[in-house]
Amino acid sequence: MKIKFSILTILLSVSIISTSCVSVNVKDNTVSHVPQESKKPKNIILLIGDGMGLSQVSAAIYYKNAKPNFERFNTIGLSKTSSNELITDSAAGATVFSTGVKTYNGAIGVDKDTIPVPTIVEHLVKRGYGTGLVATSAIQHATPASFYAHVKSRSMYEEITEFAPKSGVNFFAGGGLKFFNKRKDGKDLLVSMKDNGYEVITDKLPKSPSEKNQLILLAENGMPKMSEGRGDFLPNATKLAMEKLSKNENGFFLMVEGSQIDWGGHNNEGDYLIEELLDFDKAIGVALDFAAKNGETLVIVTADHETGGFTLASKDGDYNKINPVFSTTGHSGTMVPVFAKGPGAELFNGIYENNEIYFKMMELLK
Ligand code: MG
Ligand code: ZN
């Protein structure tokens, strides 16, 4: 009885000690996402696979002839993708990453009342970081647009383009040429880009980076599909961006989007989706190779939402054959994976709201 009592006393005092530790943090009111011992990254590369749920990632296991780059991560989390609507779109889905604010579907860099919210890119430009945006869609498409523009609707492509000349973004690569120079208002915004110090490139991806800010637009609207001969645009543009931005002594932030994984999902075309996914995996490999050499770069890979209700079913009940199938031509509400590697990666363990990704990045770049 006496022994039991003293064990109980020990247990009680342990719990009191640990309780008091917690209360110090609460009183302090500075609930930090960063554990004391966590090393902070100088650079962050955020790779967004648009519409990439866990079945999409799993397709890389079955359809890539080598080990997918996804398997090089050992920190994995899950992101809850709902914002104002239970099922999110790419505008609200990217605005949470760029601003931390949950908003309505269609919103580009604005809150639920259409009030502009500063983006991670805008914060970092002010602080002298290098910034870059790469996509296989037009650079005015919802995901990249949410990092530099503020409009109430994602379909306002020409208005979105007007934010580009003064964005301070050092490197743009993707499609979207027509929104610069074939506009309803007759303006030629390529001239404004040049006036703001940009080198404008519309023929092919340069081999090496330039000192100047670069606007690389290789399609009128979205980039061609992989099956239409896009080649290694995404991994090569990622490489070029990293080479250019790593010259900035303050550090850099680069967002790379595999935009068309989502489009394969909307079309319910398994082949389209998988080709785009494998291309995205290649870009992940390029980012991880850079980060391994650089040592100060955090690589985060995630998605805004899942598209297509995609799954890897069996073919006619044959458990040795995979048959990619879809349950919707729209998005779904499933959680999406978050992969992280590099200084600060451990913060991305666990299950959390999508906007936490913004707060974790900002905390790490403090
Ligand atoms: Mg997108
Ligand atoms: Zn979509």
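A residue counts as buried under 20% relative accessible area, exposed over 50% and partly exposed in between (1.4 Å probe, protein chains only). The model is predicted: local features need pLDDT of at least 70 and side-chain atom pairs pLDDT 80 or more, while totals for chains, interfaces and linings use all residues. Residues are numbered from 1 along each chain as its sequence is written, chains are lettered from A and ligands numbered from 1 in the order written, and side-chain values use heavy atoms, without hydrogens or water.

**View 1. The whole chain, with its helices and strands.** The chain has 12 helices and 14 strands; these are DSSP runs numbered from the N terminus, with at least four residues (H or I) for a helix and at least two (E) for a strand. Of the 366 residues in the chain, 52% are buried. Contact here means heavy atoms within 4.5 Å. Taking contacts between residues at least 6 apart in sequence, 73% join residues at least 24 apart.

**View 2. Helix H3 and its cover.** Helix H3 spans residues 90–99, and 10 of its 10 residues are buried. They are Ser-90, Ala-91, Ala-92, Gly-93, Ala-94, Thr-95, Val-96, Phe-97, Ser-98 and Thr-99. The elements that cover them include strands S1, S8 (297–302) and S12 (331–332), as well as helices H4 (120–126), H5 (142–145) and H12 (356–364). At the N-terminal end of H3, Asp-89 acts as a cap, with a side-chain oxygen 3.2 Å from the backbone nitrogen of Ala-91. After H3 comes Gly-100, which has a positive phi near 80°.

**View 3. The magnesium ion (ligand 1) and its protein donors.** Donors are N, O and S atoms within 2.8 Å of the metal (3.2 Å for Na, K and Ca), and sites may look incomplete because water is not among the atoms. The protein donors of the magnesium ion are Asp-50 (OD), Thr-143 (OG1) and Glu-257 (OE), at 2.0 to 2.2 Å. Their spacing in sequence is D-x92-T-x113-E. Asp-50 is in the loop between strand S1 (43–49) and H2, and Glu-257 is in strand S7 (residues 252–258), so this pair ties together parts 207 residues apart in sequence. Asp-50 is buried, at 2% relative accessibility, and Glu-257 is buried at 0%.

**View 4. His-305 and its surroundings.** His-305 sits in the loop between S8 and strand S9 (306–307). With 0% relative accessibility, His-305 is buried. A polar contact is a pair of N or O atoms within 3.5 Å; within protein, one must be able to donate a hydrogen and the other to accept it, and residues adjacent in sequence count only if both atoms are side-chain atoms. The side chain of His-305 makes such a contact of 3.3 Å with the side chain of Asp-304 and another of 3.3 Å with that of Thr-307. Not counting residues up to four places away in sequence, His-305 touches Asp-50, Gly-51, Met-52, Thr-81, Thr-88, Asp-89, Ser-90, Asp-262, His-331, Ser-332 and Val-336. Asp-50 in this set is a donor of the magnesium ion, and Asp-89 is the cap of H3.

**View 5. The crossing of helices H2 and H11.** The axes of H2 (residues 54–63) and H11 (residues 270–294) come within 9 Å and cross at roughly 85°. The two helices are therefore roughly perpendicular. From H2 the contact uses Gln-56, Val-57, Ala-59, Ala-60 and Tyr-63, and from H11 Leu-273, Ile-274, Leu-277 and Leu-278. By class, eight of these residues are nonpolar, one is polar and none is charged. Axes are lines fitted to C-alpha atoms, for helices over the stretch in contact, with angles from 0 to 180 degrees between N-to-C directions. Angles under 35 degrees are roughly parallel, over 145 roughly antiparallel, 65 to 115 roughly perpendicular and the rest oblique. Ala, Val, Leu, Ile, Met, Phe, Trp, Tyr, Cys and Pro are nonpolar, Asp, Glu, Lys and Arg charged, and the others, Gly among them, polar.

**View 6. Gln-260 and Gly-222, in two loops.** Gln-260 lies in the loop between S7 and helix H10 (261–266) and is buried, at 1% relative accessible area. Its side chain makes a polar contact of 2.6 Å with the side chain of Tyr-272. Beyond four places in sequence, the contacts of Gln-260 include Thr-136, Met-223, Pro-224 and Glu-276. Gly-222 lies in the loop between strand S6 (213–217) and H9 and is partly exposed, at 24%. Thr-136 also touches Gly-222; their C-alpha atoms are 6.4 Å apart, with their positions 86 residues apart along the chain.
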